[in-house]
Amino acid sequence: MPVIRTLSKVAQQALLGTPGCGCQPLTVAVRSISFSPRQVTSDASFHSVSFSETDHPKVLITGGLGQLGVGLAKLLRKRFGKNNVILSDIRKPSSNVYHSGPFIYSDILDYKNLREIVVNNRITWLVHYSALLSAVGEANVALARSVNITGLHNILDIAAEHGLRLFVPSTIGAFGPTSPRNPTPDLCVQRPRTIYGVSKVHAELMGEYYHHRYGLDFRCLRYPGIISADSQPGGGTTDYAVQIFHDAIKTGKFECNLKPDTRLPMMYIDDCLRATLEVMEAPADTLSMRTYNINAMSFTPEELAQELQKQMPELEVTYDVDHVRQAIADSWPMNFDDSNARKDWGWKHDYDLPELVQTMLNYFGAETRMARAN
Ligand SMILES: NC(=O)c1ccc[n+]([C@@H]2O[C@H](COP(=O)([O-])OP(=O)(O)OC[C@H]3O[C@@H](n4cnc5c(N)ncnc54)[C@H](O)[C@@H]3O)[C@@H](O)[C@H]2O)c1
Ligand SMILES: C[C@@H](O)[C@H](N)C(=O)O
């Protein structure tokens, strides 16, 4: 009985007060009646900006100082204007990042602070990048649970309350040893063995639940391991594929912490960020699902080393396996089936292994030449 009373009170509040909440019209079936699962106080003066009110979305990126956030901010600022994209994190930005556009402190575990940022800046899109990745997550399970699960709950509630379009990345790590690994389709058994993977399956399911239950515009891509030249990875299992370039250029040697034949799906950062923008801009009626695999290539450390050695024949690669990372990699997909993303919203990658290696080497070559010239 108390449950029914609470539910009907919540629904009543939603019906009386919702235009400001703005996710969906009120004249629709119960499934899409939009009300916040975390009830808002009457003094909260928020009012979600519907997309048509502005020329461009006003974007907040959480966890923006990691491997991916700064690049995404750059891409979105080019498209929507510098001041329409706010980077946030709990770390101090470099002077370069600080001067390249709006930056704000935001701890996703602080719900009131998040709400204040969304309200004061009239945010309409939220890209939620804060997370602890697979290897660091295993080293600190309590913190990973808190950031990746409790933090996500705050994000979902804020997004639902304010009618935001929400992007949360998932990962190849959302699959486990009982998933089909070669290839891994969108829909299959997901029983990951890391806190990172468990938290990402939780994020996928909660986001889809909020979509069906509250009309939240939730969008999610499962990224492969991402390779970038100008940003460092944050403690994952696929980090070797970035580190090999740094070490090859600096020392001509690389010690790999995965076995030579460990095959994993990978992607160059430009493809990953473009996919993120494309899925955020895709008309809702093209999305037959809310969580998609995306892919570009799959390779082993040995194959990556061989591709690099075509241009740097002197490169020496040795192997000293980290058993935690190896066990994680052995439970992840070897090849990713992203046919639904290709069919529904036209996903297409630009970078295969040879283009990736050439692009990374060009970047480091240009950097070295600049350093020598200064
Ligand atoms: N990089 C990849 O290969 C990859 C692959 C698949 C999915 N993803 C996902 O993409 C997202 C971004 O990845 P990334 O590589 O940039 O991660 P990263 O580890 O480099 O950065 C994560 C950021 O989150 C921040 N953070 C931690 N606790 C926080 C808190 N309480 N409040 C706010 N921020 C906090 C950190 O300071 C860090 O800057 C993550 O959700 C990750 O799971 C990344
Ligand atoms: C794959 C991805 O989620 C991340 N790079 C990790 O290895 O943890």
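## Two ligand shells and a three-stranded sheet

Of the 29 residues around ligand 1, those that come nearest are G63, G66, A131, Y223 and G234. The model is predicted. Its chain contains 13 helices and 13 strands, and 44% of its 374 residues are buried. Among contacts in the chain with a separation of 6 or more, 77% are between residues 24 or more positions apart.

**Ligand 1**

- By residue class, the shell around ligand 1 holds 13 nonpolar, 13 polar and three charged residues.
- Two of the elements that contribute to this shell are helix α6, residues 141-161, and strand β8; each supplies at least two residues.
- Strand β8, residues 225-227, is also an edge strand of the open sheet described below.

**Ligand 2**

- The shell around ligand 2 includes L133, S134, T171, I172 and G173.
- Also around ligand 2 are Y196, G225, G236, T237 and T238.
- This shell divides into three nonpolar and seven polar residues, with no charged residue.
- G225, one of the residues around ligand 2, lies in the range 225-227 of strand β8, and β8 also supplies at least two residues to the shell around ligand 1.

**The sheet β8-β10-β12**

- Three strands make up an open sheet with mixed pairing, in the order β8-β10-β12.
- Strands β8 (225-227) and β12 (297-299) are the edges, each pairing on one side only.
- From one strand to the next, the twist averages 45°.
- Strand β10, residues 264-268, runs antiparallel to β12, and three bridges join the two.
- One residue pair can be named here: M266 has M297 in β12 as its bridge partner.

**Helix α9 against the sheet**

- Helix α9 spans residues 269-281 and lies across β8 and β10.
- Relative to β10, α9 runs at about 80°.

**Helix α8 and the residue after it**

- Helix α8 covers residues 240-251, 12 residues in total.
- From its first C-alpha to its last, α8 reaches 15 Å, close to the 16 Å expected at 1.5 Å a residue.
- Buried positions in α8 are Y240, A241, V242, I244, F245 and A248.
- Just after α8, G252 has a positive phi of about 75°.

Methods:
Residues numbered from 1 in each chain as written. Chains lettered and ligands numbered in written order. Predicted model: local features only at pLDDT ≥ 70, side-chain atom pairs only at ≥ 80, totals over all residues. Pairing = 2+ DSSP bridges. Helix = DSSP H or I, 4+ residues; strand = E, 2+ residues; numbered from the N terminus. Axes fitted to C-alpha atoms, helices over the stretch in contact; angles between N-to-C directions. Contact = placed C-beta atoms within 7 Å. Expected span 1.5 Å × (residues − 1). Buried ≥ 20, exposed ≤ 12 C-beta atoms within 10 Å, placed from the backbone. Near = placed C-beta within 6 Å. Nonpolar A, V, L, I, M, F, W, Y, C, P; charged D, E, K, R; others polar.
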